[in-house]
Amino acid sequence: MNIKLGNSQIVIERKPPTKTMFSDLIGPLIALFLALLVSAAIIALSGVNPILAYTSMIDGAFGNFRSFAETVVKATPLLLAALGLTISYRTGLVSIGAEGQIVMGGLMATLAGIYFTMLPGFVLIPLVMLAGMLGGGLWGAIPGYLKAKLGVSEVINTIMLNYIAIFFVTYLLDIPLREPPGYFPQSAMIAKQAWLPIMVTGTRFHLGVLFAIIAILVVYFLLWRSPIGYQMRAVGLSQTTAHTSGINVKKNLVLAMGLSGAFAGLAGMVEVAAIHHRLVNSFSSGYGFDAMAVALLGKLHPAGVVIAALFFGALRVGANMMQRTAQVPASLVFVIQGLVILFVLMDALLRQYSIRIVKEDVVHG
Amino acid sequence: MDEVNVIGFVQAAIRMSTPILLAGLGGLFTSRVGIINFALEGIMVTGAFFGVFGSYISGSPWIGALFGMIGGMAAALILGFMSITVKVDQVVSGTGINILFLGLTSYLLNIVFDIGAKPSQVASFQDIPIPILSQIPFIGPILFNQNALVYIAMLLVPFCYYVIYKTSFGLTLRAVGEHPRAADSLGISVVKTRYIAIVISGLLGGLGGAFLSIAQLSVFMENMTAGRGYVAWASVTVGNWNPFGILGASLLFGLADALQLRLQAFGIGIPHQFFMMLPYILTMLVLAGVVGRTVGPSAMGKPYSSESK
């Protein structure tokens, strides 16, 4: 396909797909660019200047230190859950269940924080963490077990478990866990010494951010530097090959889903212990679904996932500003996310084409 | 419950199973050609929005249903493009489509009906009692006093069965889903057949979504499908890839849905959230029970390319 542009031409042609370090980076960037371009068109169609919308979004997310801290705070649960999904996706399991695992992690963390008030902070915080990871991990292990044992698709089961978790928590907050005065569907506060301390005064930059940074390294070493990770990735590449080389495929399926859930559970724990300090309905506000887009945009690699999580954190914070100043509905964020997923998937197709700008005389010569 | 209540309850259960039935039948067509239609949730939510939009601008629920079907088809075509032409993971692209259209419909809702405004009521499908048949005791009011879309959905069940099992088009569909290479060597266009199935699933899924917004209710609300698209997809497996099986599975979900609404209204001792969980738990149980004993189309989820071996 040739597009004329003055005295030069843009030539788009098919070429054999190339794969380099560079193209791994450029693919997601192109996907991001296209997603923002299509969203800009949607904004423009609704009668708002897309540049105004995007600048107010950037201003909202990075305008001052406080808003930047807010971006990091929003990115933290996304990062944790996406790191978990990286593990399950690398093992070849398409988990949609991070949301439910976050919810169950938050629930277990809340229970630990409510009932072990006598413990000092340095014991209670690790305990609350452990409870959160256990809640998410067990919730994740259920579809893993059903997949390994009965061959039931983890896709449908993880979705079903999301709804079950959400309704279960709604019930708990409606009756047994409702805080004593009982006006709102929310639990009692967790013990004060279990609150994750704020690290920069005047912001919500909390200790959980540090957990997330450590988790990046943990997931990297787990997947690429440990025998467990080697086995899980082998299962992800081919279950048959993994099986014939003596790897216990079933064990790895359950383990990957459990670990994946544990990181999502940690995300739930961070939301409860650092932000809400109690269990409230929809405290996760869709982090688990956004985490899927984060994991995919990050090309299922911890380094990429960090950047993607910060980007989506910025989207969340910036979208509110955009709605206030440019009157663009914040739900545009979901449009951008969905488009990012689709364009990242199209990466392989786009990579088959090269775009060159050719001067007219060169074409004729 | 006395007789009047029982009738009302079963009537509601059938009504609530209809959107799942319609979308499930749509999912059946794509699964028959080997495509995992994970985008049904996005297709339904698009159908629900454009159903209200069409009814809003025209004042006729039928135009609304048509808009919903076209909207659903547009969403489905993206899945078709991703899975047939680009040949990428169907579950992940389906998820992308779902997030995209969930966002796009609530974005459009805010643009068309203003941010924060109360959702506008639009013309919706009303119950049409069928003469004579609706006079039959018990069965009459349950089966023959429903809205037009319920009748259409019920008639679609035998019709889809006929199309899939008794026509050459149905044979083509099944051949493409079971053995695309063999179908290709017989001169059947795998790509074209898969796109046709995608269009059908979009039309039916869109109609299922429109049912929620202009037959069950008369407004559109953000994320109003609330996972019904996923349940519809599950109902295809639970229903053993058969229209009558899907009817049974969707009735099961409809019953649970109607039950939790009843309990919420009456305030019986059992918390209603447990009944809201019920369809999802049932899906898991049934899947754990049937998988392994039933066999779906063998090319499920596999992109087809005539170049590769």
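**Entry 1: Asp24 of chain A**

I began with Asp24(A), which has 13 C-beta neighbours inside 10 Å and therefore counts as partly exposed. The model I am reading is a predicted one. I located Asp24(A) in helix α1 of chain A, which covers residues 21-45. I then looked up its distance to Gly298(A): the two C-alpha atoms are 9.8 Å apart in space, although 274 residues separate Asp24(A) and Gly298(A) in sequence.

**Entry 2: Chain A as a whole**

I next took stock of chain A and noted 14 helices and three strands. Its radius of gyration is 23 Å, close to the 21 Å given by the globule rule for 365 residues, so I recorded chain A as being as compact as a globular protein of that length. The C-alpha trace of chain A spans about 85 × 60 × 35 Å along its principal axes. I noted that 52% of the 365 residues in chain A are buried. Of the contacts in chain A between residues at least 6 apart in sequence, I found that 78% join residues at least 24 apart.

**Entry 3: Helices α3 and α10 of chain A**

I asked at what angle the axes of α3(A) and α10(A) cross. Helix α3 of chain A runs over residues 65-90 and helix α10 of chain A over residues 249-276; their axes cross at roughly 175° and come within 7 Å. I therefore entered α3(A) as roughly antiparallel to α10(A), since an angle over 145 degrees counts as such.

I then listed residues at this contact. On the α3(A) side they include Thr76(A), Pro77(A), Leu80(A), Leu83(A) and Ile87(A). On the α10(A) side I noted, among them, Met257(A), Leu259(A), Phe263(A), Leu266(A), Val270(A) and Glu271(A). By class, the contact of α3(A) with α10(A) has 15 nonpolar, five polar and one charged residues.

**Entry 4: Helices α4 and α5 of chain A**

I turned to a second helix pair in chain A. Helix α4 (residues 98-115) and helix α5 (residues 121-150) of chain A have axes 7 Å apart and pack at an angle of about 145°. I recorded the crossing of α4(A) and α5(A) as right-handed.

Which residues of α4(A) and α5(A) meet? From α4(A) I noted, among them, Gly100(A), Gly105(A), Gly106(A), Ala109(A), Ala112(A) and Gly113(A). From α5(A) the residues include Ala131(A), Gly132(A), Gly135(A), Gly136(A), Trp139(A) and Gly140(A). By class, I counted 13 nonpolar, nine polar and no charged residues in the contact of α4(A) with α5(A).

**Entry 5: Chain B as a whole**

I moved to chain B, whose secondary structure comes to 12 helices and two strands. Reading from the N terminus, I wrote the order of its elements as α-α-α-α-β-α-β-α-α-α-α-α-α-α. The radius of gyration of chain B is 19 Å, close to the 19 Å that the globule rule gives for 309 residues, so chain B is as compact as a globular protein of that length. Along its principal axes, the C-alpha trace of chain B spans about 60 × 45 × 40 Å.

I noted that 53% of the 309 residues of chain B count as buried. For contacts in chain B with a separation of 6 or more, residues 24 or more positions apart account for 75%.

**Entry 6: Two positive phi values in chain B**

I looked up backbone angles next. Most residues other than glycine have a negative phi. Asn223(B) is not a glycine, yet I found a positive phi of about 50° for this residue. Asn223(B) lies in the loop between α9 (190-216) and α10 of chain B.

I also noted Trp241(B), again a residue other than glycine, with a positive phi near 55°. Trp241(B) is in the loop between α10 and α11 (243-266) of chain B.

Are Asn223(B) and Trp241(B) buried or partly exposed? Asn223(B) counts as partly exposed because it has 16 C-beta neighbours inside 10 Å. Trp241(B) has 21 other C-beta atoms within 10 Å and is therefore buried.

**Entry 7: Where chain B touches chain A**

Finally, I examined the contact of the two chains, which takes 39 residues from chain A and 36 residues from chain B. On the side of chain B that touches chain A, the elements giving two or more residues are α4 (90-113), α10 (228-238) and α12 (272-290) of chain B. I noted that α4(B) gives the most to this side, with 15 residues. By class, the side of chain B that touches chain A has 25 nonpolar, 10 polar and one charged residues.

Note on methods:
Residues are numbered from 1 along each chain as its sequence is written. Chains are lettered from A and ligands numbered from 1 in the order in which they are written. This is a predicted model: local features need pLDDT of at least 70, side-chain atom pairs count only at pLDDT 80 or more; totals for chains, interfaces and linings use all residues. Two residues are in contact if their C-beta atoms, placed from the backbone, lie within 7 Å. Helices (H or I, at least four residues) and strands (E, at least two) are DSSP runs, numbered from the N terminus. Ala, Val, Leu, Ile, Met, Phe, Trp, Tyr, Cys and Pro count as nonpolar, Asp, Glu, Lys and Arg as charged, and the others, Gly among them, as polar. Axes are lines fitted to C-alpha atoms, for helices over the stretch in contact, and angles run from 0 to 180 degrees between N-to-C directions. Angles under 35 degrees count as roughly parallel, over 145 as roughly antiparallel, 65 to 115 as roughly perpendicular and the rest as oblique. A crossing is left-handed if the near helix is turned anticlockwise from the far one by less than a right angle, and right-handed if clockwise. The radius of gyration is taken over C-alpha atoms; the globule rule is 2.2 Å times the number of residues to the power 0.38. A residue is buried if 20 or more other C-beta atoms lie within 10 Å of its own, exposed if 12 or fewer, and partly exposed in between; C-beta atoms are placed from the backbone.
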